[in-house]
Protein chains: 4
Amino acid sequence: MSHQARPEQVEAVVAKVKELGLRPETSLGEDRAVIGVIGGNAYAYREAFAHLPGIQEIVQITKPFKLASREWRPQDTVIDVGGVKIGGGEVVVMAGPCSVEGVEMLMETARHVAARGARILRGGAFKPRTSPYSFQGLGEEALKMMAEARAETGLKVITEVITPADVELVARYADVLQLGTRNMQNYALLQEAGRSGKPVMLKRGMSSTIEEWLLAAEYVLSQGNRNVILCERGIRTFETATRFTLDINAIPLVRELSHLPVVVDPSQGTGKWSLVGPVSLAAVAAGASGLLIEVHPHPDDALSDGAQSLDFETFDRLMEDLGRLTGALADRASLRR
Amino acid sequence: MSHQARPEQVEAVVAKVKELGLRPETSLGEDRAVIGVIGGNAYAYREAFAHLPGIQEIVQITKPFKLASREWRPQDTVIDVGGVKIGGGEVVVMAGPCSVEGVEMLMETARHVAARGARILRGGAFKPRTSPYSFQGLGEEALKMMAEARAETGLKVITEVITPADVELVARYADVLQLGTRNMQNYALLQEAGRSGKPVMLKRGMSSTIEEWLLAAEYVLSQGNRNVILCERGIRTFETATRFTLDINAIPLVRELSHLPVVVDPSQGTGKWSLVGPVSLAAVAAGASGLLIEVHPHPDDALSDGAQSLDFETFDRLMEDLGRLTGALADRASLRR
Amino acid sequence: MSHQARPEQVEAVVAKVKELGLRPETSLGEDRAVIGVIGGNAYAYREAFAHLPGIQEIVQITKPFKLASREWRPQDTVIDVGGVKIGGGEVVVMAGPCSVEGVEMLMETARHVAARGARILRGGAFKPRTSPYSFQGLGEEALKMMAEARAETGLKVITEVITPADVELVARYADVLQLGTRNMQNYALLQEAGRSGKPVMLKRGMSSTIEEWLLAAEYVLSQGNRNVILCERGIRTFETATRFTLDINAIPLVRELSHLPVVVDPSQGTGKWSLVGPVSLAAVAAGASGLLIEVHPHPDDALSDGAQSLDFETFDRLMEDLGRLTGALADRASLRR
Amino acid sequence: MSHQARPEQVEAVVAKVKELGLRPETSLGEDRAVIGVIGGNAYAYREAFAHLPGIQEIVQITKPFKLASREWRPQDTVIDVGGVKIGGGEVVVMAGPCSVEGVEMLMETARHVAARGARILRGGAFKPRTSPYSFQGLGEEALKMMAEARAETGLKVITEVITPADVELVARYADVLQLGTRNMQNYALLQEAGRSGKPVMLKRGMSSTIEEWLLAAEYVLSQGNRNVILCERGIRTFETATRFTLDINAIPLVRELSHLPVVVDPSQGTGKWSLVGPVSLAAVAAGASGLLIEVHPHPDDALSDGAQSLDFETFDRLMEDLGRLTGALADRASLRR
C-alpha cells in the first residue's frame, strides 16, 4: 500500500482478498502496510486489485507456471525420440539445412551429418518468412523427403509447424514438432501441438522473458503432453552486430527453474556462420542438452539463411571440438553433490 | 568487400550477381571495393551472397516492402468502416472493455462511450493470454453481445481474431478484425485475414521493428486487401516501470514511410491507467489517426487488464481534453506545404 | 523463501534481519513463507541476504530514492533560472545548435530563436563524442560566445559539462549545467555539479531505468542542491529506424513519482529532424515542462548532429503549433481535482 | 538517393562530396541512384549530408575504428602484466571480492584464489554505486591492502578508477586500471587512463554496441597506450530474470573485429552466483582470454554484490572444471588453419 493509504483503504483490500476466497496476511511497516495474498491461483486474480485506491504496487511472489517447474518435478525430464534421449547425459546434435530445397541436397546433408554423429535431421518445410516475397518452403513435398532421409540414415526428423491446421500433417512425418520463435505465443498452435502427443520443441520468443517461455511450455504440458524440449535461439536486443543475442545465462537458469531439457540454436542465435562454432561450444559448456545447427552443402546457394549455415568442413571441425569438450566435462565438479 | 579481398573474389561476386539476372555496379574505394546489386527483387537474393569469400558486409538499400510504402502510394489511405473514416481528418476513438465479460457491462460501456464521442466499440471475445490459467474470453457469445451493442448504439465493432480457423466467424460479427501483437508474424492468420476482405487493424509486434511491421502489413495487402490500419501499442524494452514503452517516434515515422493510417493503444502501451490520458494526447499530437482505449465501468472488477482500464469519469476528462487538442491542431503549421 | 525452505532456514533469515537492527514480519503462505523486512535503510542491506539458504527471491517494496520522491515533497518543484521558471505553467523552449561552431552562427541562431519565444540558449562547448576522431567542441571559447549571446538577447544559457574538473569553469559562464546521457552515472561529476549550487539538467542515461535516473538525481540533491531538472532524451531499444526511442510514458510517470520538473529533448530522442516537430508536440501534450531543441542556420553544414537539427523555417512552424497546443491544454480536464 | 530525387539533387550531393575533398562514385539503379563516398575520414563528415534534399539514407561501409581493428593489426595483442600474459594461450583468472571490505577478508581471499590458480587479484576500492546511500568503497586504504596482498601472494592487482583525478593515485598501486561499465564513455577518464601508460581493462557499457566499445578502446589507444583488455560484462535487455544478459556472441565477434584480448565477467553478467560457474565455462569455450570472478569468504556478509559472489568451495569446483576445459580445447580443430 502507498504510505498515504488510509486505514479504510487497507481494509478494502483485505476485504477484496477474502471475497475472492484467498487469505490476506497484513504486515505493518514503519511507513506503509504490505498485504500478502495467499492461496489457490492468486496470480490469476491480480488484476482484481489493480484499481483499488491506496495500492502502490502489486508484486508477484509465486511463479505462475506449475507443470514446467522444478518444484513440481525435481528430477530432469528425459525425452525419448525413437531411442534418441534428450535431456540425459548425451549432447544431441540436430543438424541439417535451414530449408529443404530438394531431395539431393537433403540426402547429401543427412548422410554427412549422420556420419559425423548428429542424431536428428533438421530442415524447414513450412517457413515463416518476414517478407511475403521470400521463399516459403516446399511444404508436404519437403516432409516426404525428410522421411526418406530418415529411412536411409536412421536420423530422427524435426521440422517446424506454423499453423494449427498443419499439425496433423506434420506430425505424420516428423518425430519432433518444432514451434518457432514467432509462434511461441500462438496459443491455438501450442494447444494443437500439445494434443498431437508428439514431442514438441518450443523455441523461445525473440522478445519473451524466461517466465513467458515457461508459461508457453505450460500450454503444451497442460494438454497432457509432457514431452517439451525448450530451445534458446537468441533474443532481440539493441546490439545489431549479430542477428540476435544468444542468452547464455538462460541455459543454467532454466535448468534451475524447470525440469525440461534445454537445447540451443547457435545458427539463429548468432546469424553468422563464423560464430556458430564457438557459441555451440559455449552452449554445451553452459549445460545445454543439445544443439540445432544449420548445415548446407553449399551455403552460398542456400535459398534461406545461407549466412548462418555451416559447410561440411566447418561442421566437421565443430563436431571434433564438441567431442573433446563433452569428454572433458562429463563429470563436472560443479555438479557433484 | 573486405579490404583484403583479392581481385578474383571481387570477380566471383560480380559473376554471381549476373548469374542471378541482376546488374552489378562496382565502385573501387581507396582500400576496398563496393559492389551495388541492382534489379528485380534483389532483397530476396541477399542470402545467395552471404558465404562468398571476401565479402565484409551486405547492406540493404531499397526498402523491402512495396504495397505498404509511401513511394507506391503517395496519398494517405483512408479506410471506411461503415461510414467511420480512419486516416482522414478525424481522430477516431475506439473504446470499450479489454474483455467482454457480460452483456450488461458491455452495453453500459458502449452507451457511455458512444455518448462521449467514441465511434468504434472495442472488446475482446478471444483473448490470447500468457498463462493457460487466465480467463480466455467468452468467444462467440461475446461476438453476439458486441453485435447487439452495435445495433443499439451505432458504434462499429472491432475485436481480435487469434487463429486462422476463427477468421470467418469473427468476420461475420466484426467491422474490423484486430490482429494482436503476439500474432503480428502469424503469417497464416495474416493471409486469412487478408482474404476476408474486412478492414484489418494490425498491432505492432512488441519486439518488431517498423520494417517488420510494414512487411507484415504487406502480407495482408498482397492478398488484395487494401484496408490495413496500423496500431502502435508499445514495444518491449529494458524499462520495467511501465508495462511497455510506447514508441511515439513511430507515429510520424510510419506516416513518412507508409500511406496507411496509424492508431495508438495507450492502454497496452503504458499498462497503467493514470498514464493513459497524457499518452493519448501525446499520440494525437504526434499525428495518430485514432486511439484504442480500454474503458470499464468498474475497473477493479475487470477479469483482465483492470490496471490499465479507464473508469467512466477519467474517460470523460480525456475526451474533453482531446476535443480541445484536436481543435487546436486542426490546421498545423508544420503540415502546411 | 523457497517452498522447500526448512524451518531453520526461515529462522536464520529472521535472525539476520534482527542482527542488522531491522524488523522481520513473517507471513506463512500455503506452500512458502514470506519475510517482510522493515525499517531504516533496508534497501542498502539487501545484499546481506542474497546468499542465505532457502531464499527464493528478494523483492524491493519501498522506493530507493527519497529526496527526489513525490512522497518527500508533494508539490511541484519550480526552478528559477534567472527569472525563467521551469516546472511552473510555462513550457520553456531551450534552443540552439548542437555544437557552438563559431560566433556568427551562434548569434544568428540566438537572435532568431529568442525572437520566436525560446527562453534559453543551448549549445555544446565540450562534446562527448563516440569517436575520438569527431569534432570535440570549442571549449571555453564557446562558453564565451554563449555569454555574449546572453548579453545581447537576454536568453539564459545551458551547456554540458563532461568532467568534474570543468565544473567550476562551465559554472562561471552557464546558467544551467547540463549532464549528458553518457554521464548520468558519473558520480564524481554528479556530486561536483551538485556542489556548484547551479541548476543542473540531468539527462536520462540511454539505458537507465527511471529508478536509476531518480537515484542519479538523488546524488545531486543530496549535496544540498535542490535545482534539478530531469531531461528525457530517448532510450536505447532494438528499433534502429530512429536513433533512440523517446520514452513518452516516462513523462507522466516521473511526474507521479517525483516533484522535479521534466523536460524533453526530441532532437536526440528521434535523431531525425522531420520527427522533431510532431514529437515535441507529443512531449508537451504528455506533460513536459520544456523542450531542448537543436536549431542550426544551415543544418547541412553542421559539424555535429545535422541530421536532427531544425532549420529556422521548421523551428518557426513548430513554435506556432506549440503556441496553439499550450493554449488549448492550459486548463486540462484531466488535471482538475 | 530517394527514388523521387531529381537529377539536380543528385548533382548537389556529388558536388558536396567533392567540396569536402572526398571522391564520389555514382551508381544508377533501376529506380534510384546510390552515391559512394570515398576517402579520408568519410565517417566524420556524414552529418554534412544529412540535410541535403533527395537523400533517403546514409549507410556507413567502413568501420569507424582503426587502431583497435584486426585490419590494422592482424595478429593477437598479448598484454604483459608483470609477467602474466593476457591474450596468449593461457586463460587468466582474476578473482577477489567485489569491494575490499577489510584487510583480513582480502588476505584470506587472495591466499585462497592464488593457491587455486588465479593470477590477478580483483577488488573494488572506489565503487560507483547506483544509490548515494550504498557503501562507496574504502578508497586509498583499500589500494594499500591490495598492494599488501600482492606482496604476499604474488598476485597482480586490478582495481577500478572512476574519475580522472584519481588515475594517478590508482595507477600508483594497481597493475591494471579497470574502467567500469558506467564509465565506458567517460572520455576524460579514458584519455587520462590512456596517458597513464598502465594496462587498461575496459568494460563494455551495459547498453553499448560492440562498435561503440571498440571506439572507446580507440580513445585509449589513440593516447599511445596499446595495452587495452576488453571485458564483456553483460548488456541490458528486456530480460529481468538475470541482472544482465551476458553477450556470448560478442566474444568470438570481437576476436574477428579486433586484435585486443577479450575477458569476461560472469559475476556482473549474470548477477547470480549459481550461474557463474556454467557461464564461466561457456565464456572460455567461446574464446575468452580470461575471467573476472567475484569471490568472498562469506558472501552472506558482503557489503556489495553478495548475490553474485562465489564462496571458496564453489570457486574451487569452477577452477577444477576450468582446468579440464582448457586442457580439452587447447588445440581446437576450429582454429586450425
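Helices and strands here are DSSP runs, with at least four residues for a helix and at least two for a strand, numbered from the N terminus. Keep in mind that this is a predicted model.

Start with chain A. It has ten helices and twelve strands. Its C-alpha trace spans about 75 × 45 × 40 Å along the principal axes. The chain counts 337 residues, and 58% of them are buried. Now look at how the chain contacts itself. Take the contacts between residues at least 6 apart in sequence. Of these, 64% join residues at least 24 apart.

Chain A is also divided into domains. The domain assignment gives domain 1, residues 1-62, and domain 2, residues 79-335. Measure from centre to centre over C-alpha atoms, and domain 1 of chain A and domain 2 of chain A are separated by 43 Å.

Next, bring in chain D. Two copies of a chain are related by a rotation about an axis and a shift along it. What turn and what shift lay chain D on chain A? The turn is 180 degrees and the shift along the axis is 0.0 Å, with an RMSD of 0.1 Å. That is the relation of a two-fold axis. The contact residues fit this picture: 100% of those of chain D recur in chain A, so the same surface serves both copies. Which residue of chain D comes closest to the rotation axis? D:A282 does, with its C-alpha at 1.9 Å.

Now turn to the contact between the two chains. Chain D gives 43 residues, and chain A gives 43 residues. On chain D, several helices each supply at least two residues of the side that touches chain A. They are helix 6 (210-221), helix 7 (250-257), helix 9 (273-285) and helix 10 (312-328). By class, that side of chain D has 21 nonpolar, 13 polar and nine charged residues.

Helix 6 of chain D also has a partner within its own chain. Helix 5 of chain D covers residues 187-196. The axes of helix 5 and helix 6 of chain D come within 7 Å and cross at roughly 45 degrees. Because of that angle, helix 5 of chain D is oblique to helix 6 of chain D. Which residues meet here? From helix 5 of chain D come D:Y187, D:L190, D:Q191, D:A193 and D:G194. From helix 6 of chain D come D:A216, D:Y219 and D:V220. The residues of this contact divide into six nonpolar, two polar and no charged.

Notes
Residues numbered from 1 in each chain as written. Chains lettered and ligands numbered in written order. Predicted model: local features only at pLDDT ≥ 70, side-chain atom pairs only at ≥ 80, totals over all residues. Contact = placed C-beta atoms within 7 Å. Nonpolar A, V, L, I, M, F, W, Y, C, P; charged D, E, K, R; others polar. Domains from an automatic or database assignment. Least-squares fit on C-alpha atoms with pLDDT ≥ 70 in both. Axes fitted to C-alpha atoms, helices over the stretch in contact; angles between N-to-C directions. Parallel < 35°, antiparallel > 145°, perpendicular 65-115°, else oblique. Buried ≥ 20, exposed ≤ 12 C-beta atoms within 10 Å, placed from the backbone.
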